[in-house]
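User: Could you take a close look at one part of this protein for me, the barrel and whatever packs around it? I'd like a walk-through I can follow with the model open on my screen.

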Amino acid sequence: MEAIATDILVVGAGTGGTAAAIQAARRGANVVLAMEGPWLGGMLTAAGVCAPDGNELLSFQTGIWGEFLRGLRVRQKGGLDNAWVSFFTYEPAIGAQIFADWAAALPNLTLLQTGAPRSVERSGNSITGATFDEYQVTAKIIIDGTELGDLLALGGVPYRWGWDWDEAGTQPKWDEPSAPDGPSDRTAKYSVQSPTWVVYLQDFGEGAIAPQVPAPPNYDPTSFDGAWENYGFETFLNYGRIPGNRFMLNWPKRGNDYGWGCDRLVNSWGDREAFWQDAIHYSQGFVHYIQNNAPEGKRYGLAQGLFPSAKFGGDGFALMPYYRESRRLIGLETVTEQDILPVKEGQAAALPRDNTGRCGAIAVGNYANDHHYPNWDYQLAPKSLQWGGRWTGTPFAMPYGCLVPATVDGLLVCDKNASVSHMANGATRLQPVVTALGQAAGMAAALCVEQNCQPRELAVEYVQEALLGDPIAPAAVIPSFDGLTENHGGDQKNWLKQQRKFCVSPDTYPSNGCCGEATPPKPSETATIARGSVEREDANQVYLWTDPTHGWANQRWQLVTLHPSVAHQLAQLQHGQFIGVKAHPNSSGNWLLVEAVND
């Protein structure tokens, strides 16, 4: 067994682990990233969720998350405007290559194909290393970037799994608005949110018969009856369309979410692999159902060439499951549902505070919050608003303390294993938030090495300032609807001033999340120019647009935008007004993504 010593060991190359390793190495620390599979990126690549949700507004496209999106825009032929569930869909291998190129540019970052961790080394109260089949790695700081919080269990670090009950096990622990009154048959049956083994279809063309997928063991077609009801089959497919007439199947409504027996994931490795096989069979059954029950279903087959060969699945199947929930650390702070909901009569959550009264935020999210359980449409407290012509989630900030164990040194977490409640996990589990948590964990670990201190001793202002001032991927720590970095045409000095102000004085943070004046847009060269008339049926932010002169003639489109200044312009439009736009059309969503408005 080879012994390796390093500054920082990141175990797990998922979304958070990849971001943590890259950020720590960019800061100058020597980093080892222990990988189980062939690709970096986790949810964003190997798990095939290449239609990410949340942090879509330009002001939230900061840090490594924003850098990743900019890389996709350069590399993805056909662009990112393909689906209606997300503004960004792409081929998984392109996302993986972006991360691989970043890693290759860092000589102080070592990638090791280690497989799963087998044990964790402790010295008293501190985690000091991890052992794999062929390696024993010791480090000053360890980061758990595993998909299921495996280091927490191996290292005896206190964690939670599933629903949160009081000590008696009969009442919800934190009085969260959306928590059930108490345990039930359903909460017992669905211990955590359902994972999904994502699979991709390919359209082989009108009149073609694609290679047919056989029914899996225990196939029950009634499980999928009504999957595209109320949508129509074409709209159902376009949910996760990527370039090349290929379609991501990650469908929650009688689709391929697989939530039965999830406790197997945290039992033995044999149990985990048995769950994987069941989840793959369930997605296989969904594909078989589509081929045999959808209109012209036989023309759709498994997409080829999207993933390298893997132990499980095959053509079209992702390399790993998409996990929505993990073991969750018991940290210095626990983020509950109340922490992510907007304040009363506001549209942003209150900022977290550390024990000095300073804002403790180190990452930003805005997803609307949702939970996935088979055949259970679980209702949660609303946290959405209309913005820029569409619905989006209200923003919130994640505190540094959710990455730090309450009682153990030498360790940080950086993925869905952060210290959050089961209810809050529905909003904190998304790819952009996890990317930001990973970047923050990597920066904190590097600072701990620089200052020769433990994560619990590190002052949050050092983490905030390092993230804000990062020379490659400066990351917002305060949610702001209108603050833009220079990457989106903003004034970097003004952005920094705005961010720092609320770090020091969180009580002055506005309840609407609007922290300044948005800069005018700078449209991309690829945006199309057209003119048309606007329809507004009421005061809501729904803008319908018809172009009588362009190639989009006689089609009614919805105008949407991600730019704060354009969102303000759209809100001022009058019914019947004739305007010019610079926009990208998205036929799947039937919208024009507007980058500029002209009279």
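Analyst: Here is a walk through the barrel and its surroundings, followed by a few other spots worth a look.

Keep in mind that this is a predicted model.

Let's start with the barrel itself. Five strands close up in the order E18-E19-E20-E22-E21, and their pairing is mixed. On average, neighbouring strands in this sheet are turned by 55 degrees against each other, direction ignored. For one of the seams, look at E18 and strand E21 (residues 578–586), which pair in the antiparallel sense over 6 bridges. To find that seam on screen, click on Ser533, whose bridge partner in E21 is Phe578.

Now, what lies across the barrel strands E20 and E22? That's H13, running at about 85 degrees to E22. Helix H13 covers residues 564–571, and its buried residues are Pro564, Ser565, Val566, Ala567 and Leu570. Those buried residues pack against strand E20 (556–560) and strand E22 (591–598), and also against strand E14 (384–387).

Next, go to the loop between strand E18 (528–535) and strand E19 (544–546), where you'll find Gln541. Setting aside neighbours within four places in sequence, Gln541 is in contact with Gln386, Trp387, Gly388, Gly389 and Arg390. One of these contacts has a polar side to look at: a polar atom of the Gln541 side chain lies 3.5 Å from the backbone nitrogen of Gly389.

Gln347 is another glutamine to click on. You'll find Gln347 in the loop between helix H8 (337–340) and E13. Is Gln347 buried, exposed or partly exposed? Its relative accessibility is 23%, so Gln347 counts as partly exposed. Beyond residues up to four places away in sequence, Gln347 touches Pro342, Leu385, Thr394, Pro395, Phe481, Ser511, Asn512 and Cys514. With Asn512 there's a specific atom to check, as the Gln347 side chain reaches the backbone oxygen of Asn512 at 2.8 Å. If you want a sense of scale, Gln347 and Glu206 are 141 residues apart along the chain, and their C-alpha atoms are separated by 47 Å.

That same E13 turns up again at a cavity. How many cavities of 30 Å³ or more does a search of the whole structure find? The search gives 2 of them, and the largest holds about 110 Å³ of space. Its lining is made of 16 residues, with Thr62, Val364, Ala436, Ala475 and Ala476 lying nearest the centre. Helix H2 (63–75), strand E13 (361–365) and helix H10 (431–451) are the elements that give two or more residues to this lining. H10 gives the most, with 4 residues.

Two asparagines in loops next to those helices have an unusual backbone to flag. Asn55 sits in the loop between strand E2 (31–35) and H2, and has a positive phi of about 50 degrees although it is not a glycine. Asn452, in the loop between H10 and helix H11 (460–468), has a positive phi of about 55 degrees and isn't a glycine either. Their surroundings are quite another matter: Asn55 counts as buried because its relative accessibility is 3%, while Asn452 counts as exposed because its value is 72%.

From E2 you can step over to strand E1 (residues 2–11). Why call E1 largely enclosed by the rest of the structure? Because 7 of its 10 residues are buried. E1 pairs with E2 in the parallel sense over 4 bridges, with Val10 partnered by Leu33 in E2. E1 also runs parallel to strand E6 (residues 135–144), joined by 9 bridges, and there Val11 has Asp144 as its bridge partner.

To finish, set the barrel beside an open sheet. Here 4 strands line up as E9-E10-E8-E11, with antiparallel pairing. Strand E9 (241–242) and strand E11 (300–302) stand at the edges with a single partner strand each, so one side of each has no neighbour in the sheet. E9 is joined to strand E10 (residues 246–249) by 2 bridges, and Ile242 stands opposite Arg246 in E10. This sheet has a helix across it as well: helix H7 (residues 269–293) lies across strand E8 (199–203), E10 and E11, at about 25 degrees to E8.

Terms used
Residues numbered from 1 in each chain as written. Predicted model: local features only at pLDDT ≥ 70, side-chain atom pairs only at ≥ 80, totals over all residues. Heavy atoms only, no water. Buried < 20%, exposed > 50% of the residue type's maximum accessible area, 1.4 Å probe, protein only. Contact = heavy atoms within 4.5 Å. Polar contact = N/O pair within 3.5 Å; in protein donor to acceptor, adjacent residues only side chain to side chain. Pairing = 2+ DSSP bridges. Axes fitted to C-alpha atoms, helices over the stretch in contact; angles between N-to-C directions. 1 Å grid on protein atoms, 1.4 Å probe; cavity = no way out; pocket = protein on both sides within 12 Å on 5 of 7 lines; lining within 4 Å. Points joined across faces, edges and corners; volume = space filled by probe spheres on them.
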